[in-house]
Amino acid sequence: MLFFKWAKAQMRRVVGNRRRLAVARGAYVSLVGVLALGSVLAFLPRIQAHSDLSQTQQKITDEAAVRKEYADKVARSYNFAFGKGNISTPGNAAVEGDTFLEPDAFPTADYCGHCHKEAYHQWRQSLHSNSFRTPFYRTSVNILIRTKGIEFSRHCDSCHNPIAVLGGGLTQNSLVDRKFDQDGLTCTTCHSVQKLQSTLGNGGYVMGVPAVLVDEKGVRIPGMVPDSEILAHLDRHSKAVMQTFYRTPEFCSACHKANLPNPLNDYKWIRAFTAYDEWQNSKFSQRNPLTFYQADFTTCQGCHMKRASNALPEPGAKNGTFASHRWTAGNTAVPFYYGFDEQLEKTVEFLKTGNYLNVDLFAIRKANEDKLIAPLGSTAFTLAPGDVVQAMAVIQNKNIGHSLIPEVRDLYEAWVEFVVTDSNGKEIYHSGFIKPDGMLDERAHSFTNRPVNTDGGLSTITKYGRSIPSHMTTRFRQADRPSSAMSFAFPRRRRER
C-alpha cells in the first residue's frame, strides 16, 4: 500500500515536470518566433529601400535610353550651324548631358495643376505661360527667321521657348511635335533648372532632366509619378522642384538680360537689355555705394512675386499666403489681347499701388518769353486771358528697381497723359489720349524708343535714350513747336496764383 502511494506520487512529479518542460519548450518556440519575426520586420524597410533604389535606377536607365534614341534621331538632320554639339547657340541655354532632351520628358502644367490649382490658375494668365505664343513676340522673332533662318531664333527662344531649343525643334524641316508652344515657360522648365551660368543672360541656365520627386537618397527620379507618391513624400517633392537660388535675382538674370553675340549679328558682341544690371545699380540691391537714395534690400521676386492669400487650393502656400505666379509688372497688352481680365486687373492694381514714380509739375513758360516760372508752388505769377502757356513736368523713377521702360524698349509703350481743366472741370487741353483708331496721340511724351538709322529708316540697333534709369529723373516739355504737347491757351478769364 505504501509502495503504491509512493509510485503514484512519483508519477505526478514526472507528469508535472513534463508539463513544465512542454510550457518551457512552447515559450522558447514563441520567443524564437518573435525574434525571427522581428528580424524579418526589421529587414523589410531594407528590402523596400532596395526596391525603391532599384526602381529609381531603372527609371534613370529607361530615361537615358529614350533620350539617347531621341537625340540621335534629331542630330541626324539638325542644323549645327554654330558648331557640332552647340544646340542652343546663339543663345546660352544648356542642359545636363549636353545633348537633346525629348519634350515629353517635361511634365505638363496640367499635371502640376492637379494639386497646385492656385499656381496653375495664376500661371496660365501670366506672361511666362504666354512667352512664346503672343503675336507681339511672334511677329518679332518671325522677322529673324525669315531674314536669317530658324536656327538664329535659338537666341530668343532659349528664354521664350526652352523646350523647343533643348528638344532640337528649331531647325529646318523639324519633325518635333510643337504642341508645347502654347505653354511657353511651363512649371517644369523653371523648376528643372539645376544651376546657373554667368549673368550674361540669353538663357544662362543649366536644365536638368525634369523630376518631381527624389528617392530617399536624394536622387532625382525622372518624369511623372503618381500623385499619391508625391503626397506621401512632400519633402522629397520639394527637394526635386526647388533650389535655393530660385529666390535670387541671379536666377532672373538668366533671361532678364540679353546681348547680341557675334554669331547672331556677324559683327561683334553688343549689349542689349540689362534689367539685372539695372537692379544691381539701384538702391534695392544694396550693392552700389554710389546711390543717393537708400532702401531695404529687395529682390526681383520681392516686387514681382509678392505673397498674397490664395483663393484656390495650393499646397505651396505658407501661413495662408502664396508667392504670386502672375509676375505682375507693366504689361497690359498680353492680358488684354487674351481676355485675361483678372490678370489685367491685377496688373493695373500693381501699377497703381506701388508709388513707383514721382510726377512734379515743375514750371511754366509763357509763349514768346524766355523767363521760366519755377518752381511752381513757391513762385508767384499772373496769367492773362488768352495767354499761351507751356508746362514742364518732371518725372522721377523713384521705386522701380530697373529703368522705365525696361528690356525691349522699342516694343513696350509707356507715355504721359496730360490734362488741363478749368475750375468748373471743363477740359482745356488734353494730350496722351488714345485716338478712335486705337493709336496714341502723336503729341504725347512717350518713353518708347524709336530706333532709326542715318537715312531715317528703322534700324536694328536701338538707342535707349528715352528711358528713365532707376532712381533717376527726366524732364519733358516738347518745346519750340506750335503743336507742342505741353503748350495750351489759357481760357479767356483772368487767373492769378
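Buried residues make up 41% of the 497 residues in this chain. The model is a predicted one. Its secondary structure comes to 15 helices and 19 strands. Take the contacts in the chain with a separation of 6 or more: residues 24 or more positions apart account for 63% of them. On the outside, the chain exposes about 28,400 Å². Carbon and sulfur atoms supply 57% of that area.

Start with the interior. In soluble globular proteins, nonpolar side chains tend to be buried together. Here the largest nonpolar core has 28 residues. Those with the most contacts inside this core are Ile87, Phe100, Val193 and Met207. Which elements give two or more residues to the core? They are helix H1 (2-75), helix H6 (162-166) and strand S3. H6 supplies the largest share, 4 residues.

Phe100 is a good residue to click on. Leaving aside neighbours within four places in sequence, Phe100 is in contact with Arg67, Tyr70, Ala71, Val74 and Ala75, among others. Its contacts also include Tyr78, Phe80 and Ile87. Leu166, Gly167 and Gly168 are on the list too. Another core lies apart from the one described above. This other core has 13 residues, among them Ala109, Leu213, Ile230 and Ala323.

Now turn to the strands. Strands of a sheet pair through backbone hydrogen bonds, either parallel or antiparallel. One open sheet has 3 strands in the order S1-S3-S2, with mixed pairing. Strand S1 (94-95) and strand S2 (193-196) stand at the edges, each with a single partner strand, so one side of each is left without a neighbour in the sheet. S2 and strand S3 (residues 205-207) pair in the antiparallel sense over 3 bridges. One pair to find is Leu196 with its bridge partner in S3, Tyr205.

A hairpin comes later in the chain. Strand S14 (residues 418-421) and strand S15 (residues 427-431) run antiparallel, joined by 4 bridges. Phe418 has Ser431 in S15 as its bridge partner. The hairpin has 5 residues between the strands. There Gly425 takes a positive phi near 90°.

Next, look at the surface. Phe136, Tyr337, Val408 and Leu411 form a nonpolar patch there. Together they have about 350 Å² of accessible area. Val408 sits in the loop between strand S12 (388-397) and strand S13 (415-416). Is Val408 buried or partly exposed? Its relative accessible area is 31%, so Val408 is partly exposed.

Two charged residues close the tour. Glu278 lies in helix H12 (residues 275-281). Glu278 is buried, with a relative accessible area of 16%. Which residues does Glu278 touch, not counting those up to four places away in sequence? They are Gly401, His402, Ser403 and Arg409.

Arg247 is exposed, with a relative accessible area of 51%. Its place is in the loop between helix H9 (234-241) and helix H10 (249-253). Not counting residues up to four places away in sequence, Arg247 touches Met242, Thr299, Gln301 and Lys318. Arg247 and Gly302 are 55 residues apart in sequence. In space, C-alpha to C-alpha, Arg247 and Gly302 are 8.9 Å apart.

Methods. Residues are numbered from 1 along each chain as its sequence is written. This is a predicted model: local features need pLDDT of at least 70, side-chain atom pairs count only at pLDDT 80 or more; totals for chains, interfaces and linings use all residues. Side-chain values use heavy atoms; hydrogens and water are left out. Buried means under 20% relative accessible area, exposed over 50%, partly exposed in between (1.4 Å probe, protein chains only). Contact means heavy atoms within 4.5 Å. Accessible areas come from the Shrake-Rupley method with a 1.4 Å probe; for residues, only the protein chains shown count as cover. Two strands pair if DSSP finds at least two bridges between them. Patches are made of residues with over 30% relative accessible area and no salt bridge: like charges are joined within 9 Å, nonpolar side chains (Val, Leu, Ile, Met, Phe, Trp, Tyr) within 5 Å. A salt bridge is a side-chain nitrogen of Lys or Arg within 4 Å of a carboxyl oxygen of Asp or Glu. A nonpolar core is a set of buried Ala, Val, Leu, Ile, Met, Phe, Trp, Tyr and Cys residues joined through side-chain atoms within 4.5 Å.
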